Amino acid sequence: MDKPICNKSLEDNVLIGKNIIVGICGGIAAYKTPHLVRLLKKRGANVRVALTEGGARFVSELALATVSQEPVYRTMFPPANTAGTDYTRHISLGEWADALIIAPATANTLAKLSAGLCDDMLSAFFITLRPGKPVLIFPAMDGQMFLSPSVQRNMATLAAQGCTIISPESGELASGQCGLGRMPEPDAIVNSLEKALHYGGKSSPLYDKSVVITAGPTREKIDGVRFISNYSSGKMGFAIARDAAKRGARVTLITGPVNLETPFGVSRIDVESAAEMHEASRKFFTSCDLFIGAAAVSDYRPASPYEGKLKKNDRELQLTLVQNPDILAEFGMQKASGQLAIGFALETQTGLDKAREKLATKNLDLIAFNFFDRLTSGFEVDTNILTLIERDGVTTELPQLTKDAAAARLLDAIEQLCPKTGINP
Ligand code: C5P
């Protein structure tokens, strides 16, 4: 199995983490669908396949299960008395999906869907899909069939329901004739889906935005083998990066030393000291749309670290510390209109006022105050209790949440602050 590709362009991002159902009906073009599933997976989507009985005549269930890494859904009714069978999966999976692609769609399935029939998993998913989720239908059949009044009427009904019908292409057909009826190639289908997810009016304002996130601790060298650091695990910054990438942002994660996997689709820059984090961050100051300082940057560093290992002796050892640059404040002070600066304020006692002060002095658009107790919130733990304070004073207290959920709530709030652009709804 290929490794997922990382985000490089606008198109590569929107599918990251999206849940896609691919419905496959009984047309010869079904033989191309394992490739379609593979492309979606490579773009970072989670894919489930619904295969009709006709579809199964043209493409192997095993091939589809292998490329999707999931069981293939076919019949509505699992064998009787099957222990542990999920009898409501036609509902839960319909709710799970962010989009449904039907490729190829046969005349028979178009008729069933337009009439609301529901006798296999594909038609069930179609009915249980949540309102507003894109449905892309790729009819593929003989040209005469496609142009027949009944097929045209059924497609018109589905289009009126909000489905996107993508006309087949002209070319060589299975019948040996040339004409209208060919299913578009898998990469064209993926492109259509990306556009539907983006331009369908439901995409995030963070889509295609350049988001730079600092995360983790920094290490400030005392000598060749020792350093000053803190307990930051990087979990919060990584959770934000993961969620921002899912929303279609182009994410750069500048991280101090942590023991975490790079979130899918995120480009990662590893640094050690505050000076290195500063240098890496500055490269993005003018180009990024959003700068989120989630790193626990050491405020001070030893003035002159020793080259080798400091030797023990009987005398007292004095370390002179000098201040590190404040990366976020520097960005905040020089950001242009349209750029947003977001910070964190970790305080060991109720420090809302201190957080408000930091919001002002660093010229931030939003600051997330979190209370440090190492049990429910702050460094190392998997949960956080954030209070979001916006520039205009609007303050939102969040409950104790997993860092993933807290990241999502933070990004929801940031989305509200995003300037509207031509491409965003
Ligand atoms: O350390 P302080 O409480 O001032 O940190 C508040 C915010 O500023 C955090 O978002 C942190 O990532 C950022 N910061 C920074 N560079 C520093 C210190 C803090 O970017 N040297």
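Start by selecting the loop between α4 (61–68) and α5 (89–96) in this predicted model, and within that loop pick out Gln69. Although Gln69 is not a glycine, its phi is positive, at about 60°. Most residues other than glycine have a negative phi, and most peptide bonds are trans.

From there, move to strand β3, residues 99–105, where Pro104 has its place. Select Ala103 together with Pro104 and display the backbone, since the peptide bond joining Ala103 and Pro104 is cis, with an omega of about -10°.

Next, turn to the largest pocket, which holds about 950 Å³ of space. To bring its centre into view, select Ala295, Ala296, Val297, Phe344 and Leu346, which lie nearest that centre among the 41 residues of the lining. If you then colour by secondary structure, five elements are worth picking out, namely α11 (235–246), β13 (290–293), α13 (327–334), β16 (340–347) and β17 (366–371), each of which supplies at least two residues of the lining. Of these, β16 gives the most to the lining, with five residues. Colouring the lining by residue class instead shows 18 nonpolar residues, 16 polar ones and seven that are charged.

Now show the ligand, which sits in this largest pocket. The residues to select around the ligand are Gly293, Ala295, Val297, Asp299, Pro325, Asp326, Ile327, Leu328, Gly343, Phe344, Lys358 and Lys362. By class, this shell is made up of six nonpolar, two polar and four charged residues. Two of the elements already picked out for the pocket, α13 and β16, each supply at least two residues of the shell as well.

With the shell still selected, look at three places where an oxygen atom of the ligand can be paired with an atom of the protein. At Leu328, the distance to a ligand oxygen is 2.9 Å, taken from a backbone N or O atom. At Phe344, which also belongs to the group nearest the pocket centre, a backbone N or O atom lies 2.8 Å from an oxygen atom of the ligand. At Lys362, by contrast, the side chain provides the N or O atom, and this atom is 2.7 Å from an oxygen atom of the ligand. To finish, draw a surface over the protein around the ligand: on its own the ligand has 450 Å² of accessible area, and the protein covers 89% of that area.

Key:
Residues are numbered from 1 along each chain as its sequence is written. This is a predicted model: local features need pLDDT of at least 70, side-chain atom pairs count only at pLDDT 80 or more; totals for chains, interfaces and linings use all residues. Side-chain values use heavy atoms; hydrogens and water are left out. On a 1 Å grid over the protein atoms alone, a cavity is a set of points where a 1.4 Å probe fits but cannot get out, and a pocket is an open set with protein on both sides within 12 Å along at least five of seven lines; lining residues have an atom within 4 Å of a point. Grid points are joined across faces, edges and corners, and a volume is the space filled by probe spheres set on the points. Helices (H or I, at least four residues) and strands (E, at least two) are DSSP runs, numbered from the N terminus. Ala, Val, Leu, Ile, Met, Phe, Trp, Tyr, Cys and Pro count as nonpolar, Asp, Glu, Lys and Arg as charged, and the others, Gly among them, as polar. A residue is near a molecule or strand if one of its heavy atoms lies within 4 Å of it. A polar contact is a pair of N or O atoms within 3.5 Å; within protein, one must be able to donate a hydrogen and the other to accept it, and residues adjacent in sequence count only if both atoms are side-chain atoms. Accessible areas come from the Shrake-Rupley method with a 1.4 Å probe; for residues, only the protein chains shown count as cover. A molecule sits in a cavity or pocket if more than half of its atoms lie within 2 Å of its grid points.
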